[in-house]
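Trainee: I've got the structure open, and I'd like to understand how the labels get decided. Can we go through some of them together?
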Amino acid sequence: MIYKNTRVLSVAAFSFLFAYLLSFLFEGQVLYSTIEAYGAQTHTYIFSAILAHLAGLFSCGYFIRTQRSAKLAMTGVMAACLVSSVPFFFAPSVLWLAGLIIAGFFGGWAVAAWGYFLKACTPKNERIKTCADVLIFSNLIMIAVNVVAMNVSHDVGLTLSMLCLIIGAVLTWLLPAGPVQEPQYESGGKSFTNIKKPMLVLFLFVAILTIDSGLMYQVINPAFGHLRGLVSWYWAVPYIAALAFMRNLPIRNRIQRSLFLYVGMGMIIAAFITFMLLGRGTSDYLVVNTLMLGACGIFDLFWWSILGEMLDYTSNPVRVFGAGLSANVLGVLLGDVLGAGITSVGFSEAEVAVIALTVVCITLVILPPLNRQLVLLLKNHAYLDAYDRMDKEQREEIICQIKLKASLTEREKEVLQLILAGKSNKEISEVLFITESTVKTHVRNIFSKYDVGSRAELISDILKNKSES
Amino acid sequence: MKPEVEAIRKERDVIAVISMAGIILTGLFIVLQIKEAAIVCIVVCALPLILLYRQGRLLSAAKLICDNPILTVPSSVITAENRAGERMTEETIVSTFGLLLGSKVYKWGCDGISGTRLQRVRLDRNHIWLTFGVDNEVLCIKLLHGITDKARVMEITQKLWRETGVQAEVSD
C-alpha cells in the first residue's frame, strides 16, 4: 500500500515537472509561440536551452548522492526554473537567454534527480508502467497547455506551464526522503561497479534512436505549420496511444519488446516516405504524424524501461538516469542540427526529405546490432551473479522445484545447465558440438517450457522460487 | 550444403533479387516524384517481401534439420488422417527438429510447447512411422529405414529419445 501511494505521488510529481519541460523549455509550443509572437530568432534560444538541459542531466549525478538530497534539489531547482521563466512575460532581452540556460540546466537536474524516486517508489517489475504513466500524463498535460498557448495566448500558456512546475514542486516536497522498501535482493558490490559498458551502449543506442526525433522537429513539423489548430492537440495523441498500447501489453509480449523496436523502425521509414509522397493537407498530417509519433512512443518507452531496469544495478540512480536521458537530449540536438543544416542549404522540400530519410535509414541500420549488444550485456549481469554464488546442491534443488509446462528432453537439460552456468549460445554450441542456431532453438524451447521470455527471467524465476521455498 | 537446401537457398536468392529490384524502383519513383507509380510499386513489392520472409524461414528450418540429423532414408510414404498414402522417392532426413523430404520441410519441436511436436515413433524391421502435429492436425510419415543391424536400431531409438524426448515403440 505504501509502495502504491508513493508510486502514484512520484508519478504525479514528475508528470507535472515533465509537462513544464515539454510544453515550454524543451522545444515546447509555449516557447515557440512566445518567440514567434515577438518575432525573435528561434534557433539560438532552442539550442541554448537544449545544451543547458543536456549539461544539467549529465552533471546532476556527480552532486546528488542520496534520496534526501535528490528531494531537496528537485524542489529547489524547480523554484529556480520558475523564476527563470518570468522574463518570457516581457519583450526579448538578454534575460530570455539567461533564463533558458538556467532553467534548462536546473530542469535537467530536476529530471535526473527523479531517478532516485523511480527506483525507490516503484517495484522492479512495474517500472515500465511507471515510465509509461509519466510519459502519458505529462503529454496529456502538455496537450492542454499547447492548445491554450496556440489558440488563446502564449502568456496564458506560459502561466499554465509555470503552474505545472509549482504543482510538481509541491508534490515532490511530499515524496519520502528515505527508502520506501528494501529491495528483495541486491546483487552485491560486483554488479554496482560493472555497468559502465551497458551504460555506454545504452547511451549510444538512445542517442542514435532519437536523432530521428530531432530531424522530425526541423523537417516534418514546419511543413505542417499552417495546420495550427490540429497540430496543437493532435501532435502528441499517437505518441500517447502508442505508450498506452505498450504499457498494457501482456507480460509475455512485453518481454519480446525488441520486436516492437522493428515495428517502430518501419513506422519511422513509412512516415518519411509518406511525408514525401503525400501533400500538406489535414489527412496527410494525420497519416504522417500518426506514423512518426507512434514510432516515437514505442522507442521512448523501450529505452525508458531499459533505463528503469538498469537502476537496480547502481548505487547512484541519478547518474544512470541522468546519463540515459542526456543521451536522448543529445540525439534530439544532433537531429536538430542536422535538420537545421539540411533546411538552411536551400534544397527543395523533396530533396530535404530524401536526405532526412537517408539519415533515418542509416541510424536504423545501426540500431539492431546495438540493441543486440545491449540485451546481451543486461542478460549476463546481476541475475547470473546471484546464481553463481549458490552451491551445486542448491542449484539442482531449485531447478527441480520449478513447475514445467512440459518435460525437458535430455539435450535440453544439458543446454539448461550451461545457460545457468552463464554460458552464451556460442559457448554452449562449442561445448556440445552443435551449431549456434541449434542452441538457439533449444533455448527457445526451454523458455517456452518454463514459460519465460529470456535467460534473465528464467534465472529470476529460479531465484524467486528459492526465496519463496 | 545438401542439394535440397541449396535448391531452397536458390529460390530465396531469386525472390531477394526481385524484392531488391522493386525497392530500388520504388526509391527511383519517389525521387522522380511519380507518386502513383511509387504507390503501385510499394504495394507490388509487398508480395515478394512476404515470400522472401517465408523462404528465409524455410531455409533456416531446412538448415536446422540438416545440422541435427538422426536418420537418413532413401524413400518415404506420407499419410494424413482420412487421406490415402502418397509415395515419395526423394531422400529424407529425420532430425531433432523435423523432416526434410526433398525440398519439403516438416518442422517439429522448433516453436516451443505451442508449436508442432513429434508425438509418436514406431519402428519395425523395415519401417519407421513418425506421427507429428498439433491437436487434430496430425500427419504420419512412414519411412523405409533399410537398417538391418539391431544395434543401429537401438542407437537410433536412443538418439530419438535423447533429442526429442519421444520413446520409440520397437516391434519385430
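Mentor: Sure, and let's begin with what a helix is: a DSSP run of H or I with at least four residues, numbered from the N terminus. A:I166 sits in one of these, helix α8 of chain A, residues 154-173. Keep in mind that this is a predicted model.

Trainee: Why is A:I166 called partly exposed?

Mentor: Its relative accessibility is 39%. Buried means under 20% and exposed means over 50%, with partly exposed in between, so at 39% A:I166 lands in that middle class.

Trainee: What makes the nonpolar patch around A:I166 a patch?

Mentor: Its members are A:L163, A:I166, A:I167, A:V170 and A:L174, with about 420 Å² of accessible area together. Nonpolar side chains are joined within 5 Å, and each residue needs over 30% relative accessible area. A:I166 has 39%, so it clears that cut-off.

Trainee: Let's move to α22(A). How do you know that its length fits a helix?

Mentor: Take 1.5 Å times one less than the number of residues. For the 15 residues of α22(A) the expected span is 21 Å, and the end C-alpha atoms are 21 Å apart, so the two agree.

Trainee: And why is α22(A) described as largely enclosed?

Mentor: Because 11 of its 15 residues are buried. Among them are A:V439, A:H442, A:I446, A:F447 and A:Y450.

Trainee: What makes A:T441 a buried residue?

Mentor: A:T441 belongs to α22, residues 436-450. Its relative accessibility is 3%, which is under 20%, so it counts as buried. Leaving out residues up to four places away in sequence, A:T441 touches B:L64, B:F97, B:G109 and B:C110.

Trainee: How do you know that the side chain of A:T441 makes a polar contact?

Mentor: It reaches the backbone oxygen of A:S437 at 2.8 Å. The limit for a polar contact is 3.5 Å, so that pair is within it.

Trainee: Which other side chain reaches a backbone oxygen like that?

Mentor: Try A:S138, in helix α7 of chain A, residues 127-151. A polar atom of its side chain lies 3.2 Å from the backbone oxygen of A:L135. A:S138 has a relative accessible area of 0%, so it is buried. Not counting neighbours within four places in sequence, A:S138 is in contact with A:S15, A:F18, A:A19 and A:L22.

Trainee: What makes a positive phi worth pointing out?

Mentor: Most residues other than glycine have a negative phi. Here, A:E27 has a positive phi near 55°, and A:F433 also has a phi near 55°. Just after α22(A), A:D451 takes a positive phi of about 60°.

Trainee: Where are A:E27 and A:F433, and why is each called buried or exposed?

Mentor: A:E27 is in the loop between α1 and α2 of chain A. At 5% relative accessibility, under the 20% cut-off, A:E27 is buried. A:F433 is in the loop between α21 and α22. Its 75% is over 50%, so A:F433 counts as exposed.

Trainee: Last one: what makes up chain B?

Mentor: Chain B has three helices and 10 strands, in the order α-α-β-β-β-β-β-β-β-β-β-α-β along the sequence. Of its 172 residues, 42% are buried. Its accessible surface is about 9700 Å², and 58% of that belongs to carbon and sulfur atoms.

Definitions and conventions: Residues are numbered from 1 along each chain as its sequence is written. Chains are lettered from A and ligands numbered from 1 in the order in which they are written. This is a predicted model: local features need pLDDT of at least 70, side-chain atom pairs count only at pLDDT 80 or more; totals for chains, interfaces and linings use all residues. Side-chain values use heavy atoms; hydrogens and water are left out. Helices (H or I, at least four residues) and strands (E, at least two) are DSSP runs, numbered from the N terminus. Buried means under 20% relative accessible area, exposed over 50%, partly exposed in between (1.4 Å probe, protein chains only). A polar contact is a pair of N or O atoms within 3.5 Å; within protein, one must be able to donate a hydrogen and the other to accept it, and residues adjacent in sequence count only if both atoms are side-chain atoms. Contact means heavy atoms within 4.5 Å. Patches are made of residues with over 30% relative accessible area and no salt bridge: like charges are joined within 9 Å, nonpolar side chains (Val, Leu, Ile, Met, Phe, Trp, Tyr) within 5 Å. Accessible areas come from the Shrake-Rupley method with a 1.4 Å probe; for residues, only the protein chains shown count as cover. A salt bridge is a side-chain nitrogen of Lys or Arg within 4 Å of a carboxyl oxygen of Asp or Glu.
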